[in-house]
Each structure stands twice: as structure tokens, then as C-alpha cells.
Amino acid sequence: MDTHADKQLPTVSRSYAEGRLARAFVTALHHKDPATRARAEEKAGGWRRVLAGMADGTLRIGSRTPARGLPAWASLEVLHGGFATGAARAGGPLLPYEAEAARKAGVPQDREALFAHCLTEEGLAELWALLDSTCYEVTVPEEAALLTVAWLVRAGETDAALELVREIGPFAATLRFTPRPTASPAPDSDAVHRRTVAEAGATLAARGPKLAVETQREAHTVWRPFEDELLGHWLETAGPDHRVLDRAPGAGWHERGVALLDRYRVLAREHTLSGRHRDPKGNPGILRGALEETTAGRPLDARRLGLLRHAVTSMVRKRGLPGSERHTAVRSAQAAQAALPSHHDIAHLVAHRMSGLPQQTGAADATALVAPVTETEQRRSGLPAGTAVPPAIRRVVETARSAPLPTLVALGVVPSAEVMAELVPQLVAAETAAAYRDVPLRALTAANYRAFRNRRSLLLLDLERQIRPEELPWVRAVSAQRASDTHVRASAHSTLRRLAEVAVDGFPGTLLPNPLVRELAVLARRTDLAAPLVEELAADIFMGTFTPKFQAAAVVAGELLGGGSLYERYYGIDYGAVRALADGGPGRGASRRKAPVDAPEFAALCRERAGAGGFGSVAENGTVIEQAQILTTHNLATLVHRIGIAPATGWADLARRCFVTVCRLTGRAHHEQRPLGTVKDAAYAWRQMLFHLSLCDAGERAGVLAWTHEEVAGHPAHVAARLAPALAGLRLVADGGSFAGDGTADAGRARRLTGWTTTGSHWLCGGPAVQGGR
């Protein structure tokens with residue numbers, strides 16, 4: 001066993017992998033959906049590989065190079081939590097396009113032979129044609145490597161091309177370095193989309209009928225008309241008061257009854273969705289059972305006759321006599337409802353519309369895709385012309401809409417910061433590519449960056465950082481082609497500011513998710529701004545210290561909020577002391593030969609503020625991490641003070657929206673058995689609100705504070721009761737007061753709201769706070 005990995009890796013990680021394996025195993029055995037069982041079986045295989053690799057030392061979980069024999073730049077298969085399985089995403093059997101390329105080239109169907117062919121005159125010419133047409137796709141970064149070699153050769157950079165081949169050559173037999181040809185050129189990267197046309201179309205094409213809807217349709221078109229016939233048959237024996245068997249049936253009554261029962265048996269075999277007709281105690285079942293007895297020549301006893309008469313009376317009283325105006329109106333409405341086109345048929349029609357568009361991009365204009373059914377489509381599909389596309393289907397189409405990011409946020413297509421983080425790489429890819437003057441290289445760079453951002457992050461320990469795009473060998477090989485002028489820096493700054501404003505303005509009550517922070521950090525590094533951006537840390541693997549950028553971010557926050565701001569006073573921060581740590585901490589300055597890898601003084605300050613004696617338990621770690629978030633404002637100060645963002649609607653509006661989020665989350669926590677996660681989210685939103693309030697002028701701040709009374713009054717009473725201590729604390733500080741060291745004041749009536757606790761309960765939810773998680 002790899003003892004080095006054991007020393008670095010918290011024991012919880014091995015048990016975490018075992019727990020995930022058990023969960024996947026149970027799902028693979030018992031889930032009703034075959035596709036879900038298949039996916040769970042695949043996940044179970046991945047977790048088995050993780051545990052086996054940890055046991056035999058071929059995997060070092062927590063390292064930048066966790067898989068033995070694969071370099072840091074290789075794209076790995078990574079499971080939930082950052083666990084690498086040891087498999088390469090660019091490995092495995094040949095894909096169909098590789099086999100076809102080998103067949104056309106006349107070489108053996110293996111990657112090493114295909115790699116060698118690409119380095120021949122013929123192979124290079126094929127790659128040059130792909131570069132110029134941009135009719136290729138890069139799904140993992142490795143697929144951009146040989147295109148980069150081809151570009152370098154054509155540009156006369158043969159030394160760089162040879163060096164790149166030497167670096168990736170040892171992996172030519174196992175990793176996929178050739179691109180995937182496509183039928184259409186690469187998409188314009190100025191706009192973004194959540195899903196490609198192909199993905200959205202496949203979702204619609206796979207949509208099947210809903211059981212409940214089809215059951216109701218069957219009931220209205222088959223069984224209700226049959227019940228009416230059955231009722232009418234018995235009414236032939238009824239007198240003026242509708243009491244059946246009060247008069248003798250007419251000629252042929254028994255024969256027609258036998259025919260009705262024969263037809264029932266045929267209908268029951270062919271139409272099996274609705275089961276009401278099978279209930280012997282239901283009115284239709286009573287009528288049918290009595291008819292079976294009568295046609296068989298058996299007289300009805302008093303009990304069955306009483307049930308029959310009650311059933312007939314009830315059915316007539318409910319809807320009227322068959323053929324009456326009231327009865328006809330009811331059945332006409334049901335028939336009209338049953339005749340409505342099914343949603344799955346409409347979904348298939350819309351999928352057919354989408355099949356005529358370029359499949360690997362978004363749809364620039366979704367209007368035509370969701371237009372009513374045309375007369376031409378009616379002839380082909382049978383759907384009535386003019387049928388509207390239902391909202392549920394429109395929403396699927398909207399996910400493939402290609403438009404500027406702010407437009408998608410405004411339309412609700414991007415409902416959260418997490419979803420926004422999925423789209424931002426498309427824009428950062430365009431910004432990355434803009435630094436290259438050569439058009440084919442620009443397209444290749446954008447494709448490579450988009451693929452790189454599909455890599456899942458590894459679980460890393462000891463302050464190791466994830467690999468960056470510029471560390472890929474094929475990116476390094478063309479780094480000299482990048483422009484480094486003022487225009488590039490200004491462009492990166494403009495894109496950075498625009499994206500940050502969309503995130504902060506669109507989702508003011510949530511933390512910026514780590515994938516989004518990483519994208520913004522990429523842009524920040526291309527500017528001449530000192531803009532430290534920090535990620536959210538995982539409490540269950542926190543090792544007790546922070547990288548220097550956390551301390552730098554706290555210094556930036558002090559530059560903006562120091563000097564007595566509401567934020568500084570509410571959280572009891574001495575930003576002057578934070579600045580002193582950065583300027584005069586031991587080991588700083590010229591005497592330190594290498595750049596520091598951690599910030600021990602900042603970590604000590606966070607532990608002191610959290611009242612934590614050390615680190616280790618998830619709750620203790622969480623309190624320390626939360627203090628780092630408070631000191632740094634978790635990127636808000638950097639975005640405002642260094643990047644220069646400013647919300648279009650103003651800081652007061654953002655503060656109000658944050659408080660609405662606080663109220664909503666507080667209400668949700670009231671109903672949860674494990675409320676700590678929601679409490680933490682409420683505390684994050686509260687902190688964002690305080691930051692925005694601190695940037696308001698005095699009049700705006702007073703207006704927001706007065707408005708909070710109105711807002712909280714519109715929520716359930718328990719929300720107002722739970723938030724009362726927090727609101728009292730906010731008013732206390734706004735009026736010039738302060739908290740005691742434990743965050744309380746006025747005998748506990750006013751409380752400072754933070755999210756983590758080590759006491760086993762949180763005052764915001766009034767019950768046990770279940771600790772754990774990231």
C-alpha cells in the first residue's frame with residue numbers, strides 16, 4: 001500500500017469512496033429504471049478501481065499526478081469528490097472516427113500507427129485542411145495536440161513541433177491525440193448556450209407518453225362511452241323514476257346485453273391503462289356484473305338489485321340521462337380534452353424541426369422552433385394546424401438558445417450562478433483565443449480551452465493547485481504566438497468586468513461557485529490588475545492553512561471596507577491588523593528566497609476569530625473557513641475595488657434581493673431535518689447583503705433597513721421570529737453599537753449571524769445542527 005498517500009489522505013476519504021461504492025451497488029441492484037441501473041453499475045466499477053488503486057499504490061489520491069504512468073496534463077476520469085480512477089479520458093478503445101481515419105490512411109487500427117501517419121506529408125496535409133475549415137471538434141484537450149503540431153510545422157516552428165512530439169510521443173499508443181471531424185465549422189463563440197441543438201433535440205425525441213395523461217385519454221375515449229352504453233341499456237328497463245327492472249325489457253334486450261359484454265371483453269384486452277372498469281364495487285362494475293347475471297339467466301337477488309338501482313340513480317344524478325343536454329356537455333368537454341395533441345407528439349415534431357439545424361451549436365433564433373404547428377406539419381404528423389407548443393417543451397428548446405449571457409440570465413435560461421459557471425468557459429475561450437493573431441490557431445485555442453474546462457477537478461491536498469490550461473504541452477508550444485500588448489490586457493479586463501457584473505447582479509444572494517471563480521481568475525491573470533480571487537474550501541479536507549492569495553484578498557477588502565464601514569463593524573474586523581500581517585509577518589520580504597506557499601499568520605487570525613483551538617472536525621474547519629470568507633468578502637471586494645464592477649440597479653437593490661434570499665432560506669430550514677446546509681446558505685446571503693449595504697450611502701442604507709420590516713412581515717411568522725435576533729444585531733451596529741466577543745448583545749436579544757457552529761445546534765433553526773459536508 002502507498003504509505004505516502006495514506007499520510008496525506010484523511011481517513012474519511014477512503015470511507016467516502018467505500019460509501020459511494022455501496023450506494024452505487026445498491027442502485028445498480030434495485031432501481032426501477034434500467035438506464036439508471038446501468039449508470040450505477042458503471043459508477044460502481046469506477047469506485048472499485050479507485051479503491052483498488054489506493055490499495056496497490058497505483059493511485060495517489062490528493063496528488064496532482066494521482067495515476068501512475070500518466071503526466072499531470074493527462075485528462076483523467078474523475079468521480080464525485082475529485083477521486084481519480086486511474087483511467088485516462090483520452091484512452092480506452094479506438095473511437096469510430098479514429099478507426100475510420102486509420103482505414104482511410106491504410107494503417108493498422110491502433111493509435112500509435114495513426115499518430116505516426118499524422119506526422120507524414122499526407123497526414124499533415126489532412127490536419128492543415130481541418131485547421132483551415134475548423135470542421136473539427138475537441139472534446140478532451142489531448143485531441144488538440146496533433147493539430148497544434150501541424151500548425152507549428154506550417155508556421156515554420158519546426159523545433160517547437162519536434163519538442164511537442166517528443167513530449168507526447170511516449171503516450172501515442174494509449175492516448176487520443178487526433179481531432180474529431182465534424183460536418184460543420186466551429187460555432188461563433190460570441191454567444192453562449194446551455195445545451196447544443198443535438199442535446200436538446202435528443203431530449204425531446206426521447207420523450208414518451210405520460211402514463212397518467214394516456215390513462216385519462218383512454219378513459220375519456222373508450223370507457224366513458226362504454227359506461228354510457230351500459231347505463232342506457234339498463235335504463236330501458238326503468239320506469240319514470242329511473243328505477244331499473246320496473247318494467248320488462250324490450251325485444252332483443254338480452255341479445256344486445258350479450259353483445260355489450262362481448263365488446264367489453266375485447267376492450268378490456270386492448271385497453272389496459274385504466275383500471276376503474278375492473279372494480280366490481282364501482283358503479284360501472286355493478287352494472288356490468290348485474291348484466292352478466294341477467295344474461296346468464298340468473299335472477300338478481302335483493303342485495304344485487306339494490307346495488308344496481310343505487311348505481312343507476314347515482315350515475316343519472318351526477319351527469320344526467322345519456323343524451324340529455326347536461327350529459328352531452330360533460331362528455332363533449334371530456335372528448336375535447338382527450339382530443340388534445342399529446343405533449344410527446346408535439347415534442348417529437350419540435351425535435352424534427354431541430355434536426356435541420358447545425359447540431360453542435362446553440363440555436364440563435366428559437367422562435368421558429370416553438371411556433372404553432374403549420375399546415376404542412378399537420379399533413380405529415382397528424383397534429384392539428386395551429387397547435388401551440390406547451391411551456392414544458394419550450395423550456396427544453398430555450399436551453400439550446402444561443403445568445404449573450406445577460407440575455408440568457410434575464411430570460412431565466414440561466415437560473416443560478418452554478419449554471420452560469422458552466423457557460424462562462426465558452427466566453428473565456430473566445431477571450432483566450434483573441435490573444436492569437438492567426439485565425440486557425442485562434443479557433444484551435446478556443447476549442448482546446450472549451451474542452452479543458454470540461455475536465456473535472458481533482459481532490460488535492462497540501463495546497464496543491466489544479467493544472468492550468470497554459471501547462472498543457474501543446475498550449476506551451478504556441479505560447480510565443482500570443483500577443484501581450486495593452487489591447488489584450490484591456491480586452492481581458494473588459495470581459496472580466498462584464499462577466500463579474502452579470503454574476504453579482506444576477507445572483508446576489510449566493511457565493512460565486514468555484515468553477516466560475518476559476519474562470520474569472522484566468523481573465524484576471526491576463527490583466528495588469530492585482531486581483532486575488534479565492535475559491536470556497538471544503539471543510540472535510542481542510543488542512544488548516546490558506547494560500548497567500550487569501551491574505552491578499554483580505555487586504556483588498558480592507559482597502560475598500562476599512563475605516564469603520566458597516567461590514568467591518570458588524571463582523572468586528574480590524575482591517576488595519578490584517579494589513580499589518582501582510583506587511584510585517586515573520587519570514588516576509590527580501591529574506592525569504594521563494595514565494596510563500598501559505599499564509600500561517602492569516603490562518604492563525606481566522607482560527608482566533610472562530611474561537612477554534614485547531615482544526616480537524618468538519619464543524620471546526622467550517623468555522624475557520626467561514627472567517628476567511630468574512631475577511632475576504634469571498635471575492636466581492638476584489639471584484640468591486642480591483643475589477644471595478646458596479647451593478648446597473650445599484651447596491652441597495654442588491655441588498656434587498658439578498659435579504660429576500662435570507663428570508664426564503666430561513667423558511668426552508670424550518671421544514672428540514674438536516675438544516676445546517678440551508679443555514680449556511682442563509683448566512684452567506686446575509687453577508688452579501690451586509691457588503692452591499694456598506695457600499696450604499698446613508699439614505700439608501702436607512703431605506704433598506706426600514707424595508708426589511710415590511711419584507712419579513714410578508715413571510716410566515718416563524719421566519720420573522722427566527723430572524724429577529726439577526727435584524728436586531730444589524731440595527732444595533734447600524735446605530736453605532738457593537739457586539740460582545742461572542743457575537744451577542746443586549747442579553748442575547750441581538751445576534752451576529754454566521755453559518756457554522758460547533759455547539760451542536762444553531763440559534764437560527766432552534767434545533768440540532770447536523771454537521772458535515774463541503
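# Exercises on a predicted model

In the hairpin of E1 and E2, Gly81 has a positive phi near 90 degrees, and 3 residues lie between the strands. The model is a predicted one. Each exercise below is followed by its solution.

## Exercise 1: The hairpin

Find out how many bridges join strand E1 to strand E2, and which residue stands opposite Leu79.

Solution.

- Step 1. Locate the strands. E1 covers residues 76-79 and E2 covers residues 83-88.
- Step 2. Count the bridges. There are 3, and the two strands run antiparallel.
- Step 3. Look across from Leu79. Phe83 in E2 stands opposite.
- Step 4. Return to the turn. Gly81 is the residue with the positive phi.

## Exercise 2: The chain as a whole

Describe the protein chain by its secondary structure, its span, its buried share and its contacts.

Solution.

- Step 1. List the elements. The chain has 33 helices and 8 strands.
- Step 2. Take the span. Along the principal axes, the C-alpha trace extends over about 115 × 85 × 55 Å.
- Step 3. Take the burial. Of the 774 residues, 49% are buried.
- Step 4. Turn to contacts with a separation of 6 or more. Residues 24 or more positions apart account for 70% of them.

## Exercise 3: A salt bridge from E1

Which residue forms a salt bridge with Glu77, and are the two partners buried, partly exposed or exposed?

Solution.

- Step 1. Name the partner. Arg49 forms the salt bridge with Glu77, and their closest N and O atoms are 2.9 Å apart.
- Step 2. Place the pair. Arg49 is in helix H3 (residues 34-56) and Glu77 is in strand E1, so the pair links distant parts of the chain, 28 residues apart.
- Step 3. Recall the cut-offs. Buried means under 20% relative accessible area, and exposed means over 50%.
- Step 4. Apply them. Arg49 has a relative accessible area of 38%, so Arg49 is partly exposed. Glu77 is at 23%, so Glu77 is partly exposed too.

## Exercise 4: Further salt bridges

Give the count of salt bridges, then describe the pairs Glu293 with Arg298 and Glu559 with Arg579.

Solution.

- Step 1. State the count. The model has 27 salt bridges.
- Step 2. Recall the idea. Side chains of opposite charge can pair when their charged atoms come close.
- Step 3. Take Glu293 and Arg298. Their side chains meet at 3.0 Å, N to O. Glu293 is partly exposed at 21%, and Arg298 is partly exposed at 43%.
- Step 4. Take Glu559 and Arg579. Their side chains meet at 3.6 Å, N to O. Glu559 lies in helix H24 (residues 548-561) and Arg579 in helix H26 (residues 575-584); this pair links distant parts of the chain, 20 residues apart.
- Step 5. Check their accessibility. Glu559 is partly exposed at 37%. Arg579 is partly exposed at 38%.
- Step 6. Look for a network. Salt bridges with shared partners join Arg64, Arg465 and Glu471.

## Exercise 5: Glu214

Is Glu214 buried or exposed, and which residues does Glu214 touch?

Solution.

- Step 1. Place the residue. Glu214 lies in helix H10 (residues 211-235).
- Step 2. Judge the burial. Glu214 has 17% relative accessibility, so Glu214 counts as buried.
- Step 3. List the contacts. Leaving aside residues up to four places away in sequence, Glu214 touches Pro209, Leu273, Ser342 and His344.

## Exercise 6: The largest cavity

Find the volume of the largest cavity and the helix that gives the most to its lining.

Solution.

- Step 1. Count the cavities. There are 5 of 30 Å³ or more.
- Step 2. Take the volume. The largest cavity has about 70 Å³.
- Step 3. Inspect the lining. Among its residues are Ala144, Tyr436, Asn448 and Trp474.
- Step 4. Assign the elements. Helix H20 (439-452) and helix H21 (473-477) each give two or more residues. H20 gives the most, with 4 residues.
- Step 5. Sort by class. The lining has 7 nonpolar, 3 polar and no charged residues.

## Exercise 7: The second largest pocket

What is the volume of the second largest pocket, and which residues are closest to its centre?

Solution.

- Step 1. Take the volume. The second largest pocket has about 700 Å³.
- Step 2. Go to the centre. Of the 26 lining residues, Arg609, Ala610, Asp742, Thr754 and Trp756 are closest.
- Step 3. Assign the elements. Helix H27 (600-610), helix H28 (618-632) and strand E7 (761-762) each supply at least two lining residues. The largest share, 5 residues, comes from H28.
- Step 4. Sort by class. This lining has 7 nonpolar, 13 polar and 6 charged residues.

How values were computed. Residues numbered from 1 in each chain as written. Predicted model: local features only at pLDDT ≥ 70, side-chain atom pairs only at ≥ 80, totals over all residues. Heavy atoms only, no water. 1 Å grid on protein atoms, 1.4 Å probe; cavity = no way out; pocket = protein on both sides within 12 Å on 5 of 7 lines; lining within 4 Å. Points joined across faces, edges and corners; volume = space filled by probe spheres on them. Nonpolar A, V, L, I, M, F, W, Y, C, P; charged D, E, K, R; others polar. Pairing = 2+ DSSP bridges. Salt bridge = Lys/Arg side-chain N within 4 Å of Asp/Glu carboxyl O. Buried < 20%, exposed > 50% of the residue type's maximum accessible area, 1.4 Å probe, protein only. Contact = heavy atoms within 4.5 Å.
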